[in-house]
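Please look over the structure below. A short report on one helix and one domain contact is given after it.

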Protein chains: 2
Amino acid sequence: MAAWGQRLAGVRGVLLDVSGVLFDGAEGSGVPIAGSVEAVARLKRSRLKVRFCTNESQKSLGDLVRLLQQLGFDISEGEVTAPAPATCLILKERGLRPYLLIHDGIRSEFDQIDTSNPNCVVIADAGESFSYQNMNKAFQVLMELENPVLISLGKGRYYKETSGLMLDVGAYVKALEYACGIEAEVVGKPSPEYFKSALQEMGLEAHQAQ
Amino acid sequence: MAAWGQRLAGVRGVLLDVSGVLFDGAEGSGVPIAGSVEAVARLKRSRLKVRFCTNESQKSLGDLVRLLQQLGFDISEGEVTAPAPATCLILKERGLRPYLLIHDGIRSEFDQIDTSNPNCVVIADAGESFSYQNMNKAFQVLMELENPVLISLGKGRYYKETSGLMLDVGAYVKALEYACGIEAEVVGKPSPEYFKSALQEMGLEAHQAQ
């Protein structure tokens, strides 16, 4: 316990993962992981700042937060760092028009993005939308670009649902990287920039957070 | 020309690729590449032994040869080294029962293979059958095995059809390799064993073939 106390010395905030840590997803729903609702409540009653940092890319931020609230979590949209809003900022900054290989559940996040005549591909956890036809379209868009840009929302290998393990976006990123001979830019964990932006939103430095 | 003549000194046979070299495929059909029908005919009239070595894994050997004959090529099944028959030999030798992530067009090649209670995955150019559901099933089979075995018919990045470039099996192999943390065994080009077996069938050593 002493070692644990030492380790927490100077810590002023906590970044919490969401899927697989707070809850296990299921088709359109999910179940809280035992003890997690109470753990979040206790952290929020403590002196620590709390922020949620997710790679969730099947649901819009609004849908994710609504689901977590229904499951009993004390959480609001402003407390969550999510990859889709971060990606939209990058697209606008760099004048990129994406072909979106994404789940329908997150499409509304890109409503303000010009997707005509694509000059990049954005790939997220598309689930059933990872059809051969959609993957091949993304591949063809990339192969026709002089400087192919592939932006990936996370790079996870798999995640757990109540029904079992599920292939995550990282597998499909590897497929396109290999086919096109390119490397994706990852928005989301484990990208250091992503953690930094979550810390900025908390007003903390890296050594002040767990 | 002298250099070319020197290079061919001692050559007694020629291994010919098929898809993208003799013909470009199209949905259920294809078109010969200019000059290739005559080139095969001339090789066959020469003193050289000729064999066809393909990674084709969407069509059965019979269907592939029938298509090539219809396109005007002088070819028979016995002259072709193809990955599906080679894979069936490996499965039988090692007592492997595959989950088949393959195109329906090649399923008949595996008629004699026990696919109950799978203890490996065989992946080929499945085309539209590369659905998320089928990929996830292959992933789950591999993750449940103590020693996951993934056998891939070729490892191509993409191939050309008359309609454009198409993602090949290699991309999907990379996806499963990354998700499961494993490495696939490749049956087909560029595996040296595959070329060796084609040479054996010609009765030639590697230095005697082009």
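The report covers the basis of the model, a helix and the domain interface.

## Basis

This is a predicted model: local features need pLDDT of at least 70, side-chain atom pairs count only at pLDDT 80 or more, and totals for chains, interfaces and linings use all residues. Residues are numbered from 1 along each chain as its sequence is written, chains are lettered from A and ligands numbered from 1 in the order written, and side-chain values use heavy atoms, without hydrogens and water.

## Helix α4(A)

Helix α4 of chain A spans residues 83-94 (helices are DSSP runs of H or I, at least four residues; strands are runs of E, at least two). Its end C-alpha atoms are 17 Å apart, which agrees with the 16 Å expected for 12 residues (1.5 Å times one less than the number of residues).

Its buried residues are P83(A), A84(A), T87(A), C88(A) and L91(A) (buried: under 20% relative accessible area; exposed: over 50%; 1.4 Å probe, protein chains only). They cover an arc of only 135° around the axis, so they sit on the same side of α4(A) (the arc uses directions from the helix axis to the C-beta atoms). The face turned away carries exposed L89(A), K92(A) and E93(A).

The buried residues of α4(A) pack against β6, β7, β8, β11 and α7 of chain A (contact: heavy atoms within 4.5 Å).

## Domain interface

Chain A is assigned domain 1 (12-82 + 191-208) and domain 2 (83-187) (bounds from an automatic or database assignment). Their contact takes 17 residues from domain 1 and 22 residues from domain 2.

The area buried between them is about 1,400 Å² (accessible area lost on being put together, 1.4 Å probe, summed over both). Carbon and sulfur atoms give 50% of that area.

Note on methods. Buried area is the accessible area (1.4 Å probe) that two parts lose on being put together, summed over both.
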